[in-house]
Amino acid sequence: MIDLRSDTVTLPTQGMRKAMARAKVGDSRRGEDPTVRALEEHSAALFGKEAGLFVPSGTMGNLCAVAAWTRPGDVIVASSASHIAGREAPAVSHMASVAILGIDAPGGIFSAQEVAEAVLATPSRTESKVRLVTVENTHNAGGGTVFPLAELKRIRSVCAKHSLPLHIDGSRIFNASVASGAAPASYGKVADSLMFCLSKGLGAPVGSVLVGSGKFLAEARSVGLRVGGGMRQAGIVAAGGLHALKHHVERLAEDHENARALALGLSEVPRVEIVNGPVETNIVLFRWHHPALDMLSFRDALAGGGVQVDDRSFPFFRAVTHLGIGKKEIARAMRAFREIFGRG
Ligand SMILES: Cc1ncc(COP(=O)(O)O)c(C=O)c1O
């Protein structure tokens, strides 16, 4: 199967498995796992922050950040198509008891002006105040769009003016960094906290890291422990993350190149339309107009050709390139697409 559903489907490489097998471990909940500590310190240094916190998932990293920055009844700002405002909304509204003010923005990229307006309008609309601004970079539902650093700096100024922290959901921040040429530390500089995932494009099996100041992370750590995020000999999986940070960042450029090749190929297929052209990173969004093809027959036909894409948001489809996809796989996927959409 050529699995283009997500960059979370990658399998650990042999080198990564070896690094995991060799990892020195201890009780990480007690702060005694040397490999977890090494991952947290390395991550903090990469983003120019004081400290890092290894958590089991991106969802937990975002929850820890939101709960640490806010109090029940507060409002947080996010793009309305963001992961925080969508899939994670039940978690943050239930466990951090905050309301989410969503900004509608093409590709999930909003402006500093829109943030300023949201911050100023919220008290009269809700009897509550915005206490946190979140940005997703790259933006998943927007099609792997890269948040421009210049706009992030302007958003940072708006936040500073209103004494608001800025949190970056950087699940795919290394895709943003490789695509834009901006160093991870430049994203760390504009954010008060940043979460990145090891288990997406970086290809590690488990985990995310939240970085920020020591004071913020002490609060975030206790939120994580309250919701059962304490891990024991987690160095085994942290070693996969360290290996990924060392070996799998620069190669993200290949994923971006493969995604662009896929988008170009799809754009030449009759009845198919690329939604997020020009493709910026590793995500291709497309839809089709084919009177004789419904979603189930499309899925079956594609699976028959040995290809899977993400079809949760029908009529939009998402194809994501990753560590397990090379030029050969893109060519094979294109043969399957041409064959399906070419049918009368
Ligand atoms: C932008 C974004 N944020 C957060 C998450 C949550 O990460 P996890 O699946 O590790 O909980 C995802 C997962 O797809 C995501 O795409």
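**A tour from the ligand outwards**

Start by selecting the ligand: around it you'll find Ser 57, Gly 58, Thr 59, Asn 62, His 83, Glu 88, Glu 136, Asn 140, Asp 169, Ser 171, Arg 172 and Lys 200. Keep in mind while you click around that this is a predicted model.

Next, pick out three of those side chains and look at the polar atoms. On Thr 59, a side-chain N or O atom sits 2.6 Å from an oxygen of the ligand. Lys 200 also faces a ligand oxygen, with 2.9 Å to an N or O atom of its side chain. For Ser 171, the ligand's partner atom is a nitrogen, 2.9 Å from a side-chain N or O atom.

Now hide the ligand and go for the nonpolar residues. The largest nonpolar core counts 54 residues, and Phe 54, Val 133, Ile 155, Phe 174, Tyr 187, Phe 196 and Leu 198 have the most contacts inside it. Zoom in on Phe 54: leaving aside residues up to four places away in sequence, its contacts include Val 36, Leu 39, Leu 198, Val 206, Met 231 and Val 237. Glu 40 and Ser 208 are also among the residues that Phe 54 touches. A second core of 30 residues lies apart from that one; select Leu 266, Ile 274, Trp 288 and Val 307 to see some of its members.

Last stop: switch to cartoon and colour residues 75–79 (strand E3) and 99–103 (strand E4), a parallel pair joined by 5 bridges. Click Val 75, and opposite it in E4 you'll see Ala 99. Then add helix H4, residues 89–95, and you have a right-handed β-α-β unit made of E3, H4 and E4.

Definitions and conventions. Residues numbered from 1 in each chain as written. Predicted model: local features only at pLDDT ≥ 70, side-chain atom pairs only at ≥ 80, totals over all residues. Heavy atoms only, no water. Core = buried A, V, L, I, M, F, W, Y, C linked by side-chain atoms within 4.5 Å. Buried < 20%, exposed > 50% of the residue type's maximum accessible area, 1.4 Å probe, protein only. Contact = heavy atoms within 4.5 Å. Pairing = 2+ DSSP bridges. Helix = DSSP H or I, 4+ residues; strand = E, 2+ residues; numbered from the N terminus. Right-handed = clockwise from strand over helix to strand, strands pointing away. Near = heavy atom within 4 Å. Polar contact = N/O pair within 3.5 Å; in protein donor to acceptor, adjacent residues only side chain to side chain.
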